[in-house]
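Here's a walk through one chain, from the overall layout down to a few spots worth a click in the viewer. Keep the structure open alongside as you read.

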Amino acid sequence: MHDWAEVHRLHDREQLPKAVIARRLGMSRQTVTRLLELDRPPRYERSSAGSILDPFKDRIAELLDDDARAPATVILERLRREGYGGGITVLKDHLIRLRPSFIAAKARQRTSYLPGEIAQGDWWHTGARVPVGGGASREAFGWVTTLPHSAAHAVVFSFSRTMADLLPAVVGCLQRLGGVPEALVVDNDSSIVADGVGRRAILHHEVAALAGHLGMKVIVLEPGKPESKGQVERTNGYLEGSFLPLRTFSNLPDMQTQADAWTIDVAYRRHHRRVGGRVGEALAAERPYLRGLPDPLPDVDRRTEVRVQRDGFVRIGDVDYSVPPGLAGRRVSVRSSPQEVVVHLEGTEIARHRRSFTPADVVLAPAHARALRLAREARSRLQDGDVVVPGVDLTRYDALVGASS
């Protein structure tokens with residue numbers, strides 16, 4: 001019974017070839033093939049001819065297949081109606097030997113989901129280094145979302161795994177999948193959970209707000225239950241083994257573009273054995289069951305307040321972004337996204353920059369550079385006493401009072 005269950009798990013869930021399963025379990029390929037051909041655990045072999053239970057053993061197996069924990073008294077009652085004339089002791093002895101295999105098989109059965117019912121999300125540590133400028137590179141991470149019903153997935157990349165990275169990644173994945181499922185299953189990750197674990201987990205306010213906007217429930221798994229999101233774990237492995245090899249990326253947008261194209265051209269065209277068809281076709285059938293994304297989309301940009309440095313820059317992460325001169329010490333609000341950084345002073349936009357991920361980078365707008373240079377030159381002239389005061393034409397004042405020159 002154990003061999004049957006393990007062979008089916010490795011073949012159905014981990015999608016290992018028969019030869020690999022045979023080597024791992026120390027059995028022949030013929031044995032693996034024979035066990036895979038059985039759609040249920042091998043039934044207990046009759047040990048003695050003429051047993052009073054022999055004509056009813058198939059029926060007992062059917063009852064256990066319906067309810068592996070059905071009491072012997074209930075099974076006995078059913079068998080009595082069908083002509084069984086023996087006692088309960090021989091039945092109990094038979095159930096003691098047979099029942100554990102059915103309980104184990106039930107525990108290993110694949111969980112099935114209705115279309116649009118659930119999604120699974122997880123951070124993928126790609127290990128890939130992506131150039132960020134200045135000769136530097138950073139590891140890219142991917143937020144992966146899968147729909148177990150259709151086996152479809154989407155991935156959005158970032159250079160870190162903070163809450164600020166999570167929010168746009170979740171929205172980006174749902175856009176690519178074409179809608180919002182009823183629930184999203186996630187780990188007890190610090191980018192999602194502010195406090196507590198599992199059922200007692202308290203989401204970050206921003207994560208809870210996003211889920212509310214989307215009309216999607218977030219289910220945080222109890223520690224030690226990775227099997228509850230096995231689909232996304234397998235998808236991460238699929239991406240690592242099928243998307244990453246032999247690829248190079250010039251920057252993060254290039255990585256995202258390549259991944260999106262590969263998903264449509266390769267991943268969605270593959271035939272998925274569990275689904276029974278192509279992934280893209282299964283996703284097309286599931287999309288009508290997904291909730292539409294809100295319009296407009298929720299604002300997932302990060303907002304912070306910072307103080308302008310003495311040299312006229314604001315620091316976001318480890319990067320300095322310029323603002324107009326003369327604001328040193330002032331508090332400004334900053335809205336940052338994976339693409340840009342926008343600075344406001346008392347509600348008025350004063351700077352807009354592309355987002356940089358180069359360590360210790362300085363992003364300086366040309367207009368700010370000119371203004372800073374002129375301000376420094378003016379300060380230098382004042383300090384040196386080299387200030388040019390233009391002459392005043394006093395005849396203008398004579399004209400104002402009517403005097404002749």
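## The overall picture

The chain's secondary structure adds up to 13 helices and 16 strands. Bear in mind that this is a predicted model. Of the 405 residues in the chain, 40% are buried. As for how the chain folds back on itself, take the contacts with a separation of 6 or more: 58% of them are between residues 24 or more positions apart.

## Two helices crossing

Start with helix α2 (residues 18–25) and helix α3 (residues 29–37). Their axes come within 9 Å and cross at roughly 110 degrees. That angle falls in the range of 65 to 115 degrees, so α2 counts as roughly perpendicular to α3.

Which residues of α2 and α3 meet? On the α2 side they are Lys18, Ala19, Ile21 and Ala22, and on the α3 side Arg29, Val32, Thr33 and Leu36. Sorted by class, the contact of α2 with α3 has five nonpolar residues, one polar and two charged.

## Aromatic rings

How many aromatic pairs does a search of the whole structure find? The count is seven. Here are two pairs to look at, with their ring geometry.

| Pair | Centre to centre | Angle between planes | Type |
|---|---|---|---|
| Phe56 and Tyr84 | 5.5 Å | 80 degrees | edge-to-face |
| Phe243 and Trp262 | 5.5 Å | 50 degrees | tilted |

Take Phe56 and Tyr84 to begin with. Phe56 sits in the loop between α3 and α4 (57–66), while Tyr84 is in the loop between α5 (72–81) and α6 (88–108), so this pair ties together parts that are 28 residues apart in sequence. Both Phe56 and Tyr84 are buried.

Now for Phe243 and Trp262. Their planes are at 50 degrees, and planes over 60 would be needed for edge-to-face, so the pair is tilted. Phe243 is in the loop between α9 (230–242) and α10 (252–265), Trp262 belongs to helix α10, and the pair links parts of the chain 19 residues apart. Phe243 and Trp262 are buried as well. These two also belong to one aromatic cluster, formed by Tyr238, Phe243, Phe249 and Trp262.

One more ring has a charge for company: Arg161 lies over the face of Phe141, 5.0 Å from the ring centre.

## Two residues and their surroundings

Is Ala128 buried or exposed? With a relative accessible area of 15%, Ala128 is buried. Look for Ala128 in strand β1 (residues 118–133). Not counting residues up to four places away in sequence, Ala128 touches Arg138, Glu139, Ala140, Leu244 and Met255. One of these, Arg138, is ten residues along the chain from Ala128, and their C-alpha atoms are separated by 8.1 Å.

Glu206, in helix α8 (residues 205–214), has a relative accessibility of 40%, so Glu206 counts as partly exposed. Setting aside neighbours within four places in sequence, Glu206 is in contact with Met163 and Leu167. Glu206 and Val300 are 94 residues apart in sequence, yet 8.3 Å apart in space, C-alpha to C-alpha.

## Backbone spots to check

If you like going through torsions, begin at the cis peptide bond between Asp295 and Pro296, where omega is about 5 degrees. Pro296 is placed in the loop between α11 (279–286) and β10 (302–307).

Then come some phi values. Leu246 isn't a glycine, but has a positive phi of about 65 degrees. Leu246 is in the loop between α9 and α10, and at 92% relative accessibility Leu246 counts as exposed.

Ala360 isn't a glycine either, and its phi is positive too, at about 55 degrees. Where does Ala360 lie? The answer is the loop between β15 (348–354) and β16 (362–363). Ala360 has a relative accessible area of 63%, which means that Ala360 is exposed.

Notes. Residues numbered from 1 in each chain as written. Predicted model: local features only at pLDDT ≥ 70, side-chain atom pairs only at ≥ 80, totals over all residues. Heavy atoms only, no water. Axes fitted to C-alpha atoms, helices over the stretch in contact; angles between N-to-C directions. Helix = DSSP H or I, 4+ residues; strand = E, 2+ residues; numbered from the N terminus. Parallel < 35°, antiparallel > 145°, perpendicular 65-115°, else oblique. Contact = heavy atoms within 4.5 Å. Nonpolar A, V, L, I, M, F, W, Y, C, P; charged D, E, K, R; others polar. Phe/Tyr/Trp six-rings, centres within 6.5 Å; stacked < 30°, edge-to-face > 60°. Buried < 20%, exposed > 50% of the residue type's maximum accessible area, 1.4 Å probe, protein only. Lys NZ or Arg CZ within 6 Å of the ring centre and 35° of its normal.
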